[in-house]
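Visitor: I should like to understand how the aromatic contacts in this model are classified. Please take me through the reasoning.

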Protein chains: 2
Amino acid sequence: MKTWETVAILGVGLIGGSIGLALRRRGLARKVVGIGRRTASLKVALERGAVTATTMELAQGVAEAELTVVCTPVGEIVNHVRQVALVCPSGALVTDVGSIKAAIVDPLDGTLPRGVRFVGSHPLAGSEKGGPGEASQTLFEGKTVVLTPTGQTSEADRRLLVEFWSNLGARVVIETAERHDQILAATSHLPHLLASALAAATPEEQLALTATGWADTTRIAAGDPELWQQILLGNREQVLAALARFESLLGQMRDVLSAGDASMLKAYLAQGKRHRDAAAN
Amino acid sequence: MKTWETVAILGVGLIGGSIGLALRRRGLARKVVGIGRRTASLKVALERGAVTATTMELAQGVAEAELTVVCTPVGEIVNHVRQVALVCPSGALVTDVGSIKAAIVDPLDGTLPRGVRFVGSHPLAGSEKGGPGEASQTLFEGKTVVLTPTGQTSEADRRLLVEFWSNLGARVVIETAERHDQILAATSHLPHLLASALAAATPEEQLALTATGWADTTRIAAGDPELWQQILLGNREQVLAALARFESLLGQMRDVLSAGDASMLKAYLAQGKRHRDAAAN
């Protein structure tokens, strides 16, 4: 099992903090440097043992990092990776945890200076709760991480990152950035848009008569609007395509309901149940 | 606290079984008779202590019941209440737990023979898991029960049922059947339709890359298609109205996303978050 000498984590929130905790508790990294903009978050990360050192200076934080994991909001990742590449050791490896990939991987692919290599990652392990206080060393256990190497990615780097995430307990799936975005549009970004629309469309005076069904269906609408605006706009074309497919199906269900066709309505509901039950396994 | 001599429960699934358990454990009923069509469910209800006696004969089951609670699927409730009214003690009280109310209350209101009175109830305490094996004496604690008395309902009966549900730990809200259906269309029936459409619209080969967001948003799609077909069709006009409002809002979000308007998109997401956070309290 590879042990890293120094890993830098830019952004010590839920994901970054959990990576640090898992690296430390599993003995996978000797030093984990947390880099952030808020002293409060850095302090929590240090106290919880997610990092061994903290700094607000990027150049200082990544100076010795063989691997830097960029865990900042998706709209800032490209710039942050470029900044890291200017000051990290020559030839170091950089990855991220952003929920969209083409908008991040495409502009970075093969364009970094000083032999620095970037490969995109996306751990499917988010939550509407953020912050290093929520971080957990087991966050990635049994979860899926999508890795999006390109034609420029060396076999060695691909292996390093598969091993990195596997060692945190995750199952690694390899996809192109485009295919990742197409799938996640349907399985993550569209659900967020729908949850948010449903919550927004529910009249305020009726909120007192909501129960577990509404609560489950709208749970992710509690996520950070700024972050999700970046994700949805960053994967706009794929989200719009997934939304169009959804609206078409919903329109069919509306027509069947409107026509009072019990057997067809039941058939649609049964298809939903089949997919739900299949995914739950 | 009123103690009932005999309460009959028609349909000993999750809700009926939980009513029985709560009545028994709280000492609210001396006898609880479970009536059902399947010996297996009746056996489980008896073994778990949810009922003190079981029968498959309706006339025998309700013969001494001061109160009968009809817990069968919504499409069957009207017929079941009429059958109960023919064989229960003269002047006995009957209620139900159906998720729709106007389609049940309107045809029954003031039409029952032998002085039998019906008042509609709806405990907002469902689950995608059914059966008496899942029943819990605490299912109604802190939950809301909507009671839908009409102009024909006596003050005494209204009080009896408010007390009945309050004694099980619930908060009772009084609404007309029409208003109940209008609200629940938005807070329960529409969420189910959307969860089901989202699950059905997610391509099967992409189900492996779903995470907690998709799982939460689609959870209720695992519900019984037959039951939900009855609920959606039984409250068709109100569900279509709520769906139209939702589609309109979703269309606005689509346009904003399509136009790349970050600040407006964030404003919609923020509205969703406000409603979600308000309901969670």
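Guide: The following exchange concerns aromatic rings and their surroundings. This is a predicted model, in which local features need pLDDT of at least 70 and side-chain atom pairs count only at pLDDT 80 or more, while totals for chains, interfaces and linings use all residues. Side-chain values use heavy atoms, without hydrogens and water; residues are numbered from 1 along each chain as its sequence is written, and chains are lettered from A, ligands numbered from 1, in the order in which they are written.

Visitor: Why is the pair of Trp4(B) and Phe164(B) called edge-to-face?

Guide: Rings of Phe, Tyr and Trp (its six-membered ring) pair if their centres lie within 6.5 Å; planes under 30 degrees apart are stacked, over 60 edge-to-face, and the rest tilted. The centres of Trp4(B) and Phe164(B) are 6.3 Å apart and their planes stand at 85 degrees, so the pair is edge-to-face.

Visitor: What makes Trp4(B) buried?

Guide: Buried means under 20% relative accessible area, exposed over 50%, and partly exposed in between (1.4 Å probe, protein chains only). Trp4(B) has 5%, and is therefore buried. Phe164(B), at 3%, is buried as well.

Visitor: How many aromatic pairs are there over all chains?

Guide: The count is six. In one of them, Phe164(A) and Trp165(A) meet edge-to-face, at 5.1 Å centre to centre and 80 degrees between the planes.

Visitor: Where does the charged end of Lys2(B) sit?

Guide: A charge sits over a ring if NZ of Lys or CZ of Arg is within 6 Å of the ring centre and within 35 degrees of the ring normal. The charged end of Lys2(B) sits over the ring of Trp4(B), 4.5 Å from its centre.
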